[in-house]
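Please open the model in your viewer and keep the sequence panel beside it, since each stop on this tour begins with a selection. The stops go from single residues to helix packing and back again.

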Amino acid sequence: MGFLKIFLAVVAAQLVILLIAAVTAVFFMEESAVELARDIGIDLNGLTITIAGEDWIVFDNQDTPDTTVASVAPTVPPWDSNQPSRSNRTSDNNRRNTLSSAARSSRDMCRFWHAEFTKNRSEQSRIYRESACKRYERLSGRSRSTIVGNVNRQLAQADREREQVLARRREQREDRQREQAQLQAKCDRYNRRIDVLDAKLRSGYTVSQGNRWRAERREVSQKYSRECILGR
């Protein structure tokens with residue numbers, strides 16, 4: 001335990017001496033302080049200290065007794081002058097995003113009003129289209145021809161699809177009308193046949209004829225009820 005106490009005392013003494021030498025060099029910057037530090041075994045060569053906000057570095061020349069303290073310029077990280085600063089890059093990105101958003105909005109308005117003008121051919125739609133498309137060209141640096149071409153193709157495709165739908169509806173309507181006409185003609189034939197059979201039954205008949213005509217009338221009446229009344 002005695003040896004440990006002695007060792008700790010020596011270490012503490014060295015730390016105190018080091019602190020005293022450093023404080024002396026910081027506040028007075030006298031060569032004697034640096035010499036004192038070198039005599040006691042403390043290497044101050046390359047030590048950087050700050051005085052009044054300015055960095056100073058100690059150069060201890062081992063070949064001569066001279067010790068030099070020189071000012072050090074603030075350390076600046078290497079930076080490529082051709083590269084924009086982070087704030088400039090952020091500003092440029094924000095500006096590009098703003099322009100991009102404005103260009104997208106103008107593009108959508110140009111597309112919308114061109115479609116409206118194509119549909120109604122009104123002067124108001126034409127004026128709005130020109131305003132929106134010119135703004136898009138100014139913001140994006142692109143021509144409106146791509147937008148106009150895409151809108152025209154979309155409208156043409158929509159017209160074709162609409163015509164196909166209308167054609168299918170016309171065919172379906174014609175089919176229904178044809179079926180109804182055929183059903184109506186069949187029902188008319190049933191009615192005429194029933195009228196003929198009724199007339200025969202009223203005019204007189206033999207037993208076999210009466211049975212045959214009544215059976216036929218019953219069959220025709222059932223078909224009429226099933227197909228013309230219930231099937232409509």
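## First stop: serine 125

Serine 125 is buried, with a relative accessible area of 5%, in what is a predicted model. Select this residue and you will find serine 125 in helix α4, where, once residues up to four places away in sequence are set aside, it touches Trp113, Glu116, Phe117 and Asn120. If you draw a distance between C-alpha atoms, serine 125 and tryptophan 113 are separated by 5.9 Å, although they stand 12 residues apart along the chain.

## The loop before α4

Move next to arginine 121, which belongs to the loop between α3 and α4 and is exposed, with a relative accessible area of 57%. What is the phi of arginine 121, a residue that is not a glycine? Its phi is positive, at about 55°, and this deserves a second look because most residues other than glycine have a negative phi.

## The whole chain

Zoom out and colour by secondary structure: the protein chain holds 6 helices and 3 strands, and from the N terminus on the order of elements is α-α-β-β-β-α-α-α-α. Of the 232 residues in the protein chain, buried ones make up 18%. Among contacts with a separation of 6 or more, 39% come from residues 24 or more positions apart.

## The nonpolar cores

Now select Cys110, Ala115, Ala132, Cys133, Tyr136, Ile147, Val151 and Leu155, the 8 residues that form the largest nonpolar core. Two or more residues of this core are given by each of α3 (86–120), α4 (123–140) and α5 (145–203). Within the set, pick alanine 115, which, apart from its neighbours within four places in sequence, is in contact with Val151 and Leu155. A second core, separate from this one, has 5 residues, including Cys187, Ile194, Val220 and Cys228.

## Between α4 and α5

Arginine 144 is the next selection, in the loop between α4 and α5. Is arginine 144 buried or exposed? Arginine 144 is buried, since its relative accessible area is 18% and the cut-off for buried is under 20%. Show its surroundings, leaving out neighbours within four places in sequence, and the contacts of arginine 144 are Glu130, Cys133, Lys134 and Glu137.

## Where α5 meets α6

Select α5 together with helix α6 (residues 207–229), which pack at an angle of about 155° with their axes 9 Å apart. That angle makes α5 roughly antiparallel to α6, because angles over 145 degrees count as such. The crossing in which α5 passes α6 is left-handed. To display the contact, highlight residues on both sides, among them Leu183, Cys187, Tyr190, Ile194 and Leu197 of α5, and Trp213, Arg217, Val220, Lys223 and Cys228 of α6. Colouring the full contact of α5 with α6 by residue class gives 10 nonpolar, 3 polar and 9 charged residues.

## Last stop: lysine 223

Finish on lysine 223, which lies in helix α6 and is partly exposed, with a relative accessible area of 29%. Which residues does lysine 223 touch, not counting those up to four places away in sequence? They are Tyr190 and Cys228. A last distance to draw runs between the C-alpha atoms of lysine 223 and tyrosine 190, which are separated by 7.9 Å while being 33 residues apart along the chain.

How values were computed
Residues are numbered from 1 along each chain as its sequence is written. This is a predicted model: local features need pLDDT of at least 70, side-chain atom pairs count only at pLDDT 80 or more; totals for chains, interfaces and linings use all residues. Side-chain values use heavy atoms; hydrogens and water are left out. A nonpolar core is a set of buried Ala, Val, Leu, Ile, Met, Phe, Trp, Tyr and Cys residues joined through side-chain atoms within 4.5 Å. Buried means under 20% relative accessible area, exposed over 50%, partly exposed in between (1.4 Å probe, protein chains only). Helices (H or I, at least four residues) and strands (E, at least two) are DSSP runs, numbered from the N terminus. Contact means heavy atoms within 4.5 Å. Axes are lines fitted to C-alpha atoms, for helices over the stretch in contact, and angles run from 0 to 180 degrees between N-to-C directions. Angles under 35 degrees count as roughly parallel, over 145 as roughly antiparallel, 65 to 115 as roughly perpendicular and the rest as oblique. A crossing is left-handed if the near helix is turned anticlockwise from the far one by less than a right angle, and right-handed if clockwise. Ala, Val, Leu, Ile, Met, Phe, Trp, Tyr, Cys and Pro count as nonpolar, Asp, Glu, Lys and Arg as charged, and the others, Gly among them, as polar.
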